[in-house]
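Me: I have a new structure to get to know, and I'd like to go through it with you step by step. Could you walk me through it?

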Amino acid sequence: MTKLIGKDLDDALATTSGWTLIEDGKRLSKAFRFADFPAAFAFMTRVAMAAERMNHHPDWSNSYDRVLISLTSHDAGGLTSRDVDLANRIDRIAGDHSTSSRN
């Protein structure tokens, strides 16, 4: 995978909603909030299954009804199209069941 930079990175980010660049553009991050712990855990389970199918796994944390997700391609040293694809898939999984918030 090729690391996204410049206009390619800008164009890719334009396809996402609510994801923030962190660590000097090396990661995408987004916080999700759910009704309760079981809803947050169900979301994490669905994301884990999708990530496993893609063989591309998020860094994340969970505290009760909140899930913070960070994406990067370690082997490319930054963001690639796989990160953007996973971000968009995560948003589809979250659907109407979360209230996204900036971290």
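Reply: What follows is a chat about the salt bridges, backbone angles, aromatic rings and surface of this predicted model.

Me: Let's begin with charges. How many salt bridges are there?

Reply: The count comes to six salt bridges, and we can take some of them one by one.

Me: Which residue does D11 form a salt bridge with?

Reply: The partner of D11 is K7, and the closest N and O atoms of the two are 2.9 Å apart. Both residues sit in helix α1, which covers residues 6-13, and because they are four residues apart there, about one helical turn separates them.

Me: And how open are those two, buried or exposed or something in between?

Reply: K7 counts as exposed, with a relative accessibility of 58%, whereas D11 is partly exposed at 40%.

Me: OK, what about R27, which side chain does it meet in a salt bridge?

Reply: R27 meets the side chain of D59, with 2.8 Å from N to O. This pair links distant parts of the chain, since R27 belongs to strand β2 (residues 27-33) and D59 to strand β3 (residues 59-63), and the two are 32 residues apart.

Me: Is R27 buried or exposed?

Reply: R27 counts as buried, at 13% relative accessibility, because the cut-off for buried is under 20%. Its partner D59 is partly exposed, with a relative accessible area of 33%.

Me: What else is linked with R27 and D59 in that network of salt bridges?

Reply: E23 is also part of the network, so that E23, R27 and D59 are linked by salt bridges.

Me: Now R33, which residue does its side chain meet?

Reply: The side chain of R33 meets that of D65 in a salt bridge, at 3.0 Å from N to O. R33 lies in strand β2 while D65 lies in the loop between β3 and β4 (66-71), so this salt bridge ties together parts of the chain that are 32 residues apart in sequence.

Me: Which of those is buried, and which is partly exposed?

Reply: D65 counts as buried, at 9% relative accessibility, and R33 is partly exposed, with a relative accessible area of 39%.

Me: Changing topic to the backbone. What is phi of D24?

Reply: Phi of D24 is near 55°, which is a positive value in a residue other than glycine. D24 is found in the loop between β1 (20-22) and β2, and at 81% relative accessibility it counts as exposed.

Me: And what about phi of N55?

Reply: For N55, phi is again near 55°, a positive value in a residue that is not glycine. N55 sits in the loop between α2 (37-54) and β3, and it is exposed, with a relative accessible area of 52%.

Me: Where is Y64, and what phi does it take?

Reply: Y64 is in the loop between β3 and β4. Those strands form a hairpin with two residues between them, in which Y64 takes a positive phi near 50°.

Me: In what sense do β3 and β4 pair?

Reply: They pair in the antiparallel sense, over five bridges, and within this pairing W60 stands opposite I69 in β4.

Me: On to the rings. How many aromatic pairs are there?

Reply: The count comes to four aromatic pairs. One of them is F34 with F43, a tilted pair with 4.7 Å from centre to centre and 35° between the planes. F34 and F43 are both buried.

Me: What about F37 and F41?

Reply: F37 and F41 form a tilted pair, with 5.9 Å from centre to centre and 35° between the planes. Both lie in helix α2, four residues apart, which is about one turn of the helix.

Me: How accessible are they?

Reply: F37 counts as partly exposed at 36% relative accessibility, and F41 likewise counts as partly exposed, at 48%.

Me: Which residues do ring pairs link into a cluster?

Reply: The cluster consists of W19, F32, F34 and F43, joined through ring pairs.

Me: Last one, which residues make the nonpolar surface patch?

Reply: The patch is made by F37, F41 and Y64, and its area is about 330 Å². Two of these residues, F37 and F41, are the ones that lie in helix α2, while Y64 comes from the loop between β3 and β4.

Key
Residues are numbered from 1 along each chain as its sequence is written. This is a predicted model: local features need pLDDT of at least 70, side-chain atom pairs count only at pLDDT 80 or more; totals for chains, interfaces and linings use all residues. Side-chain values use heavy atoms; hydrogens and water are left out. A salt bridge is a side-chain nitrogen of Lys or Arg within 4 Å of a carboxyl oxygen of Asp or Glu. Buried means under 20% relative accessible area, exposed over 50%, partly exposed in between (1.4 Å probe, protein chains only). Rings of Phe, Tyr and Trp (its six-membered ring) pair if their centres lie within 6.5 Å; planes under 30 degrees apart count as stacked, over 60 as edge-to-face and the rest as tilted. Two strands pair if DSSP finds at least two bridges between them. Patches are made of residues with over 30% relative accessible area and no salt bridge: like charges are joined within 9 Å, nonpolar side chains (Val, Leu, Ile, Met, Phe, Trp, Tyr) within 5 Å. Accessible areas come from the Shrake-Rupley method with a 1.4 Å probe; for residues, only the protein chains shown count as cover.
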